[in-house]
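Thanks for sharing this one. Here are my notes, set out as numbered points so that you can follow them with the structure open.

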Amino acid sequence: MKNLFALLYSFLILAASLVASDASRNAGSRVLKKGKDKSSKSAKKVKKNKSPKKYSVSEETVQVGSVVRLYASESLMREAFDNDDYFIWHNSMMKILGTEQEVLDRPMEGYFGIKASIEDRVQPIWFYPFSVIEDVVYVPEK
């Protein structure tokens, strides 16, 4: 009976680890934290390249699928929103300062959308002006 219990327990542990592994692989997280996100195709391309090419910030380079590096300076980010007529600063944006993010949407000229800084928000994509981008580190092939 003890052997059966040990076998069943081992099977449950193995199944749980396989489910957790599959869930983390398919989590769908698009936020790139210094190239550590393995679920995004663009993250793999950035990580493979030892010294990624930097592109200038423009309408052509900032497109859906591009990876952008945001400024690490809170004052630069806040200033970008102070001068903006469409979108506002939210304190949870502090989490993304200096990180690399995949562009998920382009709502209008001069703006881009990335995954929201707060997971359980109604709006899954938050929008930013181009002025918060330090550089573009990946541009998908057309």
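**Notes on the model**

1. Let's start with Ser117, which sits in the loop between β4 (111-115) and β5 (125-129). Please keep in mind as you read that this is a predicted model. Is Ser117 buried or exposed? Its relative accessible area is 9%, so Ser117 counts as buried, the cut-off being under 20%. Leaving aside residues up to four places away in sequence, Ser117 touches Ser92, Met93, Lys95, Ile96, Trp126 and Tyr128.

2. Now a step back to the whole chain. The protein chain has three helices and six strands, and from the N terminus on they follow the order α-β-α-β-α-β-β-β-β. Of its 142 residues, 39% are buried. The accessible surface comes to about 9,500 Å², and carbon and sulfur atoms account for 57% of that. If you take the contacts between residues at least 6 apart in sequence, 63% of them join residues at least 24 apart.

3. Glu100 is worth a look. This residue lies in strand β3 (residues 100-102) and is buried, with a relative accessible area of 9%. Which side chain does the side chain of Glu100 meet in a polar contact? The partner is the side chain of Arg69, at 2.9 Å.

4. Next comes Ala80, in helix α3 (residues 74-82). With a relative accessible area of 8%, Ala80 is buried too. Ala80 touches Pro129, Ser131 and Val132, again not counting residues up to four places away in sequence. In the case of Val132, the two residues are 52 apart along the chain, yet 6.4 Å separates their C-alpha atoms.

5. On to the aromatic residues: how many aromatic pairs are there? The count comes to eight. One of them joins Tyr86 and Phe87 in a tilted arrangement, with 6.5 Å centre to centre and 50° between the planes. Tyr86 has 56% relative accessibility and therefore counts as exposed, for which the cut-off is over 50%.

6. Another pair, Phe112 with Tyr128, is stacked: the centres are 5.8 Å apart and the planes differ by 25°. This pair links distant parts of the chain, as Phe112 belongs to strand β4 and Tyr128 to strand β5, 16 residues apart. Phe112 is buried at a relative accessible area of 0%, and Tyr128 is buried at 0% relative accessibility.

7. Finally, these two rings have company. Phe112 and Tyr128 form one aromatic cluster together with Phe81, Trp89 and Phe130. Tyr128 also takes us back to the opening point, being one of the residues that Ser117 touches.

Note on methods. Residues are numbered from 1 along each chain as its sequence is written. This is a predicted model: local features need pLDDT of at least 70, side-chain atom pairs count only at pLDDT 80 or more; totals for chains, interfaces and linings use all residues. Side-chain values use heavy atoms; hydrogens and water are left out. Helices (H or I, at least four residues) and strands (E, at least two) are DSSP runs, numbered from the N terminus. Buried means under 20% relative accessible area, exposed over 50%, partly exposed in between (1.4 Å probe, protein chains only). Contact means heavy atoms within 4.5 Å. Accessible areas come from the Shrake-Rupley method with a 1.4 Å probe; for residues, only the protein chains shown count as cover. A polar contact is a pair of N or O atoms within 3.5 Å; within protein, one must be able to donate a hydrogen and the other to accept it, and residues adjacent in sequence count only if both atoms are side-chain atoms. Rings of Phe, Tyr and Trp (its six-membered ring) pair if their centres lie within 6.5 Å; planes under 30 degrees apart count as stacked, over 60 as edge-to-face and the rest as tilted.
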